[in-house]
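Here are a few exercises to try with the model open beside you. Have a go at each task before you read its solution.

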Amino acid sequence: MGLILKLAMGVVLAGGLLALIVPRVERRLMYFPGTAYLSPAESGLLGVQEHILATADGERVMAWYAPAKPGRQTVLYFHGNAGALDSRAERIARYTAHGLGVFIMTYRGFAGSSGHPSEKANVADAKLAFDTLVGLGVDPDDIVVYGESLGTGVATQVAATRPVGGLVLEAPYTSMVDLAALHYPLLALPGRLFMRDRYDTRRHIASVTAPLLIIHGEADGIIPVSMGHELHALAAGPKTIRTFRGAGHADHVMFGSLDVVLEWIGALKVGRLRAG
(Lines give C-alpha, C1' and ligand atoms only; values in the text may rest on other atoms or scores of the structure.)
Protein backbone atom coordinates (compact mmCIF):
# COMPACT_ATOMS: atom_id res chain seq x y z
CA MET A 1 0.00 0.00 0.00
CA GLY A 2 1.49 3.35 -1.01
CA LEU A 3 2.32 6.02 1.52
CA ILE A 4 -0.18 8.49 0.03
CA LEU A 5 -2.97 5.91 0.25
CA LYS A 6 -2.06 5.12 3.86
CA LEU A 7 -2.10 8.82 4.73
CA ALA A 8 -5.44 9.26 3.02
CA MET A 9 -6.93 6.33 4.91
CA GLY A 10 -5.55 7.73 8.16
CA VAL A 11 -7.17 11.10 7.50
CA VAL A 12 -10.49 9.44 6.70
CA LEU A 13 -10.36 7.33 9.87
CA ALA A 14 -9.38 10.32 12.00
CA GLY A 15 -12.19 12.37 10.48
CA GLY A 16 -14.65 9.57 11.15
CA LEU A 17 -13.59 9.34 14.78
CA LEU A 18 -13.88 13.10 15.23
CA ALA A 19 -17.30 13.08 13.58
CA LEU A 20 -18.41 10.57 16.22
CA ILE A 21 -16.63 12.09 19.21
CA VAL A 22 -17.17 15.85 18.78
CA PRO A 23 -21.01 15.77 18.90
CA ARG A 24 -20.92 13.64 22.06
CA VAL A 25 -18.35 15.85 23.77
CA GLU A 26 -19.91 19.14 22.70
CA ARG A 27 -23.22 18.54 24.49
CA ARG A 28 -21.50 17.44 27.69
CA LEU A 29 -19.55 20.69 27.63
CA MET A 30 -22.56 22.80 26.63
CA TYR A 31 -25.45 21.73 28.88
CA PHE A 32 -25.35 21.38 32.67
CA PRO A 33 -28.96 20.67 33.68
CA GLY A 34 -30.16 20.96 37.23
CA THR A 35 -32.22 17.88 38.01
CA ALA A 36 -33.92 18.71 41.34
CA TYR A 37 -37.25 20.32 40.51
CA LEU A 38 -38.85 22.94 42.74
CA SER A 39 -42.30 24.34 42.04
CA PRO A 40 -42.93 28.11 41.81
CA ALA A 41 -44.42 28.07 45.32
CA GLU A 42 -41.42 26.17 46.69
CA SER A 43 -39.22 28.81 45.04
CA GLY A 44 -41.05 31.61 46.84
CA LEU A 45 -43.05 32.80 43.84
CA LEU A 46 -46.72 33.66 44.18
CA GLY A 47 -48.99 34.04 41.17
CA VAL A 48 -46.69 31.95 38.96
CA GLN A 49 -48.25 28.89 37.35
CA GLU A 50 -46.70 25.73 35.97
CA HIS A 51 -47.37 25.30 32.27
CA ILE A 52 -46.43 22.13 30.39
CA LEU A 53 -45.49 22.42 26.72
CA ALA A 54 -46.36 19.20 24.89
CA THR A 55 -43.96 18.94 21.95
CA ALA A 56 -44.75 17.45 18.56
CA ASP A 57 -42.28 14.62 19.19
CA GLY A 58 -43.82 13.55 22.49
CA GLU A 59 -41.70 15.35 25.10
CA ARG A 60 -42.93 17.48 27.99
CA VAL A 61 -41.21 20.81 28.61
CA MET A 62 -41.75 22.67 31.86
CA ALA A 63 -42.50 26.38 31.82
CA TRP A 64 -43.58 28.89 34.45
CA TYR A 65 -46.07 31.60 33.59
CA ALA A 66 -47.04 34.77 35.40
CA PRO A 67 -49.58 36.83 33.42
CA ALA A 68 -48.83 40.52 32.92
CA LYS A 69 -50.76 43.32 34.51
CA PRO A 70 -53.14 45.11 32.11
CA GLY A 71 -51.21 47.18 29.58
CA ARG A 72 -47.80 45.62 30.37
CA GLN A 73 -45.59 43.33 28.30
CA THR A 74 -44.64 39.71 28.87
CA VAL A 75 -41.00 38.63 29.03
CA LEU A 76 -40.45 35.34 27.19
CA TYR A 77 -37.28 34.18 28.93
CA PHE A 78 -34.71 31.61 27.79
CA HIS A 79 -32.10 30.84 30.42
CA GLY A 80 -28.44 29.83 30.29
CA ASN A 81 -26.81 26.41 30.13
CA ALA A 82 -26.97 25.50 33.83
CA GLY A 83 -29.35 25.38 36.77
CA ALA A 84 -33.13 25.26 36.57
CA LEU A 85 -36.17 27.53 36.68
CA ASP A 86 -35.90 28.11 40.42
CA SER A 87 -32.41 29.55 39.83
CA ARG A 88 -34.12 32.50 38.14
CA ALA A 89 -36.77 33.02 40.85
CA GLU A 90 -35.33 36.36 41.99
CA ARG A 91 -35.39 37.75 38.46
CA ILE A 92 -38.92 36.52 37.88
CA ALA A 93 -39.98 38.26 41.10
CA ARG A 94 -38.36 41.52 39.96
CA TYR A 95 -40.19 41.48 36.64
CA THR A 96 -43.56 40.60 38.12
CA ALA A 97 -43.14 43.28 40.81
CA HIS A 98 -43.06 45.81 37.96
CA GLY A 99 -46.26 44.40 36.45
CA LEU A 100 -44.53 42.51 33.67
CA GLY A 101 -45.59 39.01 32.74
CA VAL A 102 -43.02 36.23 32.56
CA PHE A 103 -43.07 33.01 30.58
CA ILE A 104 -39.86 31.08 31.26
CA MET A 105 -39.22 27.73 29.64
CA THR A 106 -36.54 25.26 30.65
CA TYR A 107 -34.76 22.99 28.20
CA ARG A 108 -35.26 19.29 27.67
CA GLY A 109 -33.47 17.19 30.26
CA PHE A 110 -33.46 20.03 32.78
CA ALA A 111 -35.49 19.76 35.99
CA GLY A 112 -39.17 19.29 35.19
CA SER A 113 -38.68 18.48 31.50
CA SER A 114 -38.20 15.20 29.65
CA GLY A 115 -35.85 14.40 26.79
CA HIS A 116 -32.38 15.68 25.97
CA PRO A 117 -31.29 19.23 25.07
CA SER A 118 -30.12 20.15 21.59
CA GLU A 119 -30.21 23.27 19.46
CA LYS A 120 -32.91 21.83 17.21
CA ALA A 121 -35.10 20.84 20.14
CA ASN A 122 -34.51 24.00 22.17
CA VAL A 123 -35.34 26.32 19.29
CA ALA A 124 -38.43 24.32 18.32
CA ASP A 125 -39.64 24.37 21.93
CA ALA A 126 -38.91 28.09 22.17
CA LYS A 127 -41.05 28.81 19.13
CA LEU A 128 -43.77 26.63 20.65
CA ALA A 129 -43.52 28.75 23.82
CA PHE A 130 -44.02 31.93 21.77
CA ASP A 131 -46.99 30.43 19.95
CA THR A 132 -48.42 29.26 23.27
CA LEU A 133 -48.25 32.78 24.67
CA VAL A 134 -50.06 34.13 21.62
CA GLY A 135 -52.65 31.37 22.07
CA LEU A 136 -53.14 32.56 25.65
CA GLY A 137 -54.13 35.96 24.29
CA VAL A 138 -50.84 37.87 24.54
CA ASP A 139 -50.32 40.26 21.62
CA PRO A 140 -47.02 39.51 19.80
CA ASP A 141 -46.14 43.20 20.08
CA ASP A 142 -46.27 42.79 23.85
CA ILE A 143 -43.85 39.85 23.90
CA VAL A 144 -40.25 40.80 24.76
CA VAL A 145 -37.97 37.85 24.09
CA TYR A 146 -35.07 37.60 26.55
CA GLY A 147 -32.01 35.38 26.17
CA GLU A 148 -29.47 34.75 28.90
CA SER A 149 -26.03 33.44 27.83
CA LEU A 150 -26.75 30.14 26.01
CA GLY A 151 -30.34 31.31 25.72
CA THR A 152 -29.31 34.28 23.55
CA GLY A 153 -28.83 31.86 20.65
CA VAL A 154 -32.32 30.49 21.24
CA ALA A 155 -33.94 33.91 21.71
CA THR A 156 -32.40 35.33 18.56
CA GLN A 157 -33.80 32.52 16.42
CA VAL A 158 -37.26 33.10 17.87
CA ALA A 159 -37.05 36.85 17.21
CA ALA A 160 -35.81 36.17 13.68
CA THR A 161 -38.90 34.10 12.82
CA ARG A 162 -41.69 35.52 14.98
CA PRO A 163 -43.21 39.05 15.16
CA VAL A 164 -41.89 39.91 18.62
CA GLY A 165 -42.10 43.29 20.31
CA GLY A 166 -38.45 43.38 21.38
CA LEU A 167 -35.34 41.29 21.97
CA VAL A 168 -32.95 41.44 24.95
CA LEU A 169 -29.65 39.57 24.77
CA GLU A 170 -27.68 39.15 27.99
CA ALA A 171 -24.04 38.21 27.34
CA PRO A 172 -24.59 37.00 23.76
CA TYR A 173 -22.08 35.06 21.65
CA THR A 174 -21.53 35.21 17.89
CA SER A 175 -21.80 31.42 17.59
CA MET A 176 -21.18 28.42 19.78
CA VAL A 177 -18.51 27.33 17.31
CA ASP A 178 -16.63 30.60 17.91
CA LEU A 179 -16.98 30.17 21.65
CA ALA A 180 -15.73 26.59 21.54
CA ALA A 181 -12.70 27.66 19.51
CA LEU A 182 -11.96 30.38 22.07
CA HIS A 183 -12.04 28.06 25.08
CA TYR A 184 -10.82 24.84 23.43
CA PRO A 185 -8.39 25.95 20.69
CA LEU A 186 -7.15 22.44 19.99
CA LEU A 187 -10.70 21.49 19.02
CA ALA A 188 -11.28 24.59 16.90
CA LEU A 189 -11.07 22.91 13.49
CA PRO A 190 -12.94 19.71 14.44
CA GLY A 191 -15.58 21.88 16.10
CA ARG A 192 -16.12 23.95 12.99
CA LEU A 193 -16.48 20.79 10.94
CA PHE A 194 -18.53 18.55 13.19
CA MET A 195 -20.41 20.53 15.87
CA ARG A 196 -24.16 20.06 15.66
CA ASP A 197 -25.41 22.67 18.16
CA ARG A 198 -23.89 25.72 16.49
CA TYR A 199 -26.29 28.51 17.59
CA ASP A 200 -25.06 30.81 14.83
CA THR A 201 -26.35 34.07 16.26
CA ARG A 202 -24.14 36.04 13.87
CA ARG A 203 -26.21 34.73 10.98
CA HIS A 204 -29.65 34.98 12.58
CA ILE A 205 -29.28 38.48 14.07
CA ALA A 206 -29.51 40.03 10.60
CA SER A 207 -33.11 38.77 10.32
CA VAL A 208 -34.23 40.45 13.55
CA THR A 209 -36.15 43.65 12.87
CA ALA A 210 -37.57 44.18 16.37
CA PRO A 211 -35.86 46.63 18.75
CA LEU A 212 -32.78 45.05 20.31
CA LEU A 213 -31.03 45.59 23.64
CA ILE A 214 -27.67 43.93 24.34
CA ILE A 215 -26.24 43.93 27.86
CA HIS A 216 -22.76 42.62 28.57
CA GLY A 217 -20.16 42.69 31.33
CA GLU A 218 -16.90 44.23 30.16
CA ALA A 219 -14.90 41.75 32.28
CA ASP A 220 -16.83 38.70 31.05
CA GLY A 221 -14.31 35.86 30.96
CA ILE A 222 -16.70 33.34 29.39
CA ILE A 223 -18.28 35.27 26.53
CA PRO A 224 -16.11 38.27 25.62
CA VAL A 225 -17.81 41.64 25.35
CA SER A 226 -16.37 41.94 21.83
CA MET A 227 -18.96 39.37 20.71
CA GLY A 228 -21.74 41.58 22.06
CA HIS A 229 -20.33 44.53 20.13
CA GLU A 230 -20.07 42.47 16.94
CA LEU A 231 -23.71 41.40 17.16
CA HIS A 232 -24.77 44.98 17.87
CA ALA A 233 -22.98 46.08 14.70
CA LEU A 234 -24.67 43.35 12.64
CA ALA A 235 -28.23 43.96 13.88
CA ALA A 236 -30.49 45.57 11.31
CA GLY A 237 -33.26 47.06 13.43
CA PRO A 238 -33.32 49.66 16.23
CA LYS A 239 -30.53 48.64 18.61
CA THR A 240 -28.91 49.57 21.90
CA ILE A 241 -25.92 48.11 23.71
CA ARG A 242 -25.06 48.71 27.37
CA THR A 243 -21.85 47.34 28.85
CA PHE A 244 -20.86 47.33 32.50
CA ARG A 245 -17.30 48.08 33.57
CA GLY A 246 -15.96 45.52 36.01
CA ALA A 247 -18.90 43.15 35.52
CA GLY A 248 -18.27 39.51 34.66
CA HIS A 249 -20.48 36.94 33.00
CA ALA A 250 -23.24 36.52 35.57
CA ASP A 251 -22.86 39.33 38.10
CA HIS A 252 -23.83 42.41 36.10
CA VAL A 253 -27.17 42.55 37.89
CA MET A 254 -25.14 43.98 40.78
CA PHE A 255 -23.93 46.67 38.36
CA GLY A 256 -27.46 47.75 37.44
CA SER A 257 -28.19 45.71 34.32
CA LEU A 258 -31.68 44.67 35.44
CA ASP A 259 -32.62 48.30 35.98
CA VAL A 260 -31.41 49.04 32.44
CA VAL A 261 -33.58 46.22 31.09
CA LEU A 262 -36.67 47.38 32.98
CA GLU A 263 -36.20 50.96 31.80
CA TRP A 264 -35.69 49.81 28.21
CA ILE A 265 -38.83 47.68 28.25
CA GLY A 266 -40.79 50.59 29.68
CA ALA A 267 -39.51 52.89 26.94
CA LEU A 268 -40.32 50.23 24.36
CA LYS A 269 -43.97 50.29 25.41
CA VAL A 270 -44.33 54.03 25.00
CA GLY A 271 -42.11 54.33 21.92
CA ARG A 272 -39.30 56.32 23.53
CA LEU A 273 -36.37 54.14 22.51
CA ARG A 274 -33.15 55.68 21.29
CA ALA A 275 -30.36 53.77 19.60
CA GLY A 276 -27.01 53.69 21.36
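The lining of the second largest pocket draws its largest share, three residues, from helix α2 (residues 89-97). Helices here are DSSP runs of H or I with at least four residues, strands are E runs of at least two, and both are numbered from the N terminus. One housekeeping note: this is a predicted model, where local features need pLDDT of at least 70, side-chain atom pairs count only at pLDDT 80 or more, and totals for chains, interfaces and linings use all residues. Residues are numbered from 1 along each chain as its sequence is written, and side-chain values use heavy atoms, with hydrogens and water left out.

**Exercise 1. Sort the lining of the second largest pocket by class.**

Step one: take the classes, with Ala, Val, Leu, Ile, Met, Phe, Trp, Tyr, Cys and Pro as nonpolar, Asp, Glu, Lys and Arg as charged, and the others, Gly among them, as polar.

Step two: count them, and you get six charged, five polar and five nonpolar residues.

**Exercise 2. Work out how β4 is covered on its two faces.**

Step one: set the cut-offs, where buried is under 20% relative accessible area, exposed is over 50%, and partly exposed lies in between (1.4 Å probe, protein chains only).

Step two: go through the strand; five of its five residues are buried.

Step three: split them by side. Thr74, Leu76 and Phe78 sit on one face, Val75 and Tyr77 on the other.

**Exercise 3. Find the strands that β4 pairs with.**

Step one: recall that two strands pair if DSSP finds at least two bridges between them.

Step two: look at β6 (residues 101-105), which runs parallel to β4 and is joined to it by five bridges. Valine 75 has valine 102 as its bridge partner there.

Step three: turn to β7 (residues 143-148), also parallel to β4 and also linked by five bridges. Here phenylalanine 78 stands opposite glycine 147.

**Exercise 4. Place histidine 79 and list what it touches.**

Step one: locate histidine 79 in the loop between β4 (74-78) and β5 (82-83).

Step two: check accessibility. Histidine 79 counts as buried because its relative accessibility is 0%.

Step three: collect contacts (heavy atoms within 4.5 Å). Leaving aside neighbours within four places in sequence, histidine 79 is in contact with Leu85, Arg88, Met105, Thr106, Tyr107, Phe110, Glu148, Leu150 and Gly151.
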